[in-house]
Amino acid sequence: MSAFGYLAVLLVGMYLGILFTKSEVARWQRVHDMFLFREAHMYLILSVAIVVAMISMFVIKRLGIKSVDGKPIKYKPKPYHTGVIIGGMLFGAGWAITGACPGPIYAQIGAGEWMAWLTLAGAMLGMFSY
């Protein structure tokens, strides 16, 4: 990948970190309230993210946009199996306990939440275990 590609990825990552922090997606209490059905804040954000992803995939397919390294972007659904259910349940439990899915972990670390390092360690352990 070129230096421009690395810079683009870094800038998008910084933008998402600021976005996660300002929208409170990386705040433990918001995630906790979502799982207890106390407020709709996170559900609204997740709904908007799904719509944006759908539109983005449509545009990527329609215009034939390529990845940063010049390869065509293709979406291949993974086959369904029991591991998907078990993995989804573990992912959801980890998200509910720690208040972060993989993206906001880095925003929490950047915001100085030292416990997020433990969340990152757990996420890495789960990834390597897979």
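Buried means under 20% relative accessible area, exposed over 50%, and partly exposed in between (1.4 Å probe, protein chains only). The model is predicted: local features need pLDDT of at least 70, side-chain atom pairs count only at pLDDT 80 or more, and totals for chains, interfaces and linings use all residues. Residues are numbered from 1 along each chain as its sequence is written, and side-chain values use heavy atoms, without hydrogens or water.

**Exercise 1.** Classify Ala8 by accessibility and place it in the fold.

Solution. Ala8 lies in helix 1; helices are DSSP runs (H or I, at least four residues), numbered from the N terminus. Its relative accessibility is 29%, so Ala8 is partly exposed. The C-alpha atoms of Ala8 and Val68 are 8.8 Å apart, with these positions 60 residues apart along the chain.

**Exercise 2.** Classify Arg30 and list its contacts.

Solution. Arg30 belongs to helix 2 (residues 28–35). At 18% relative accessibility, Arg30 is buried. Leaving out residues up to four places away in sequence, Arg30 touches Glu24, Glu39, His41 and Met42; contact means heavy atoms within 4.5 Å. Glu24 sits just after helix 1 and has a positive phi of about 65°.

**Exercise 3.** Describe how helix 2 and helix 4 (residues 82–98) meet.

Solution. Their axes, lines fitted to C-alpha atoms over the stretch in contact, come within 8 Å and cross at roughly 125°. Angles run from 0 to 180 degrees between N-to-C directions. Under 35 degrees is roughly parallel, over 145 roughly antiparallel, 65 to 115 roughly perpendicular, and the rest oblique. Helix 2 and helix 4 are therefore oblique. Helix 2 contributes Trp28, Val31, Met34 and Phe35; helix 4 contributes Gly92, Trp95, Ala96, Ile97 and Thr98.

Terms used:
Helix = DSSP H or I, 4+ residues; strand = E, 2+ residues; numbered from the N terminus.
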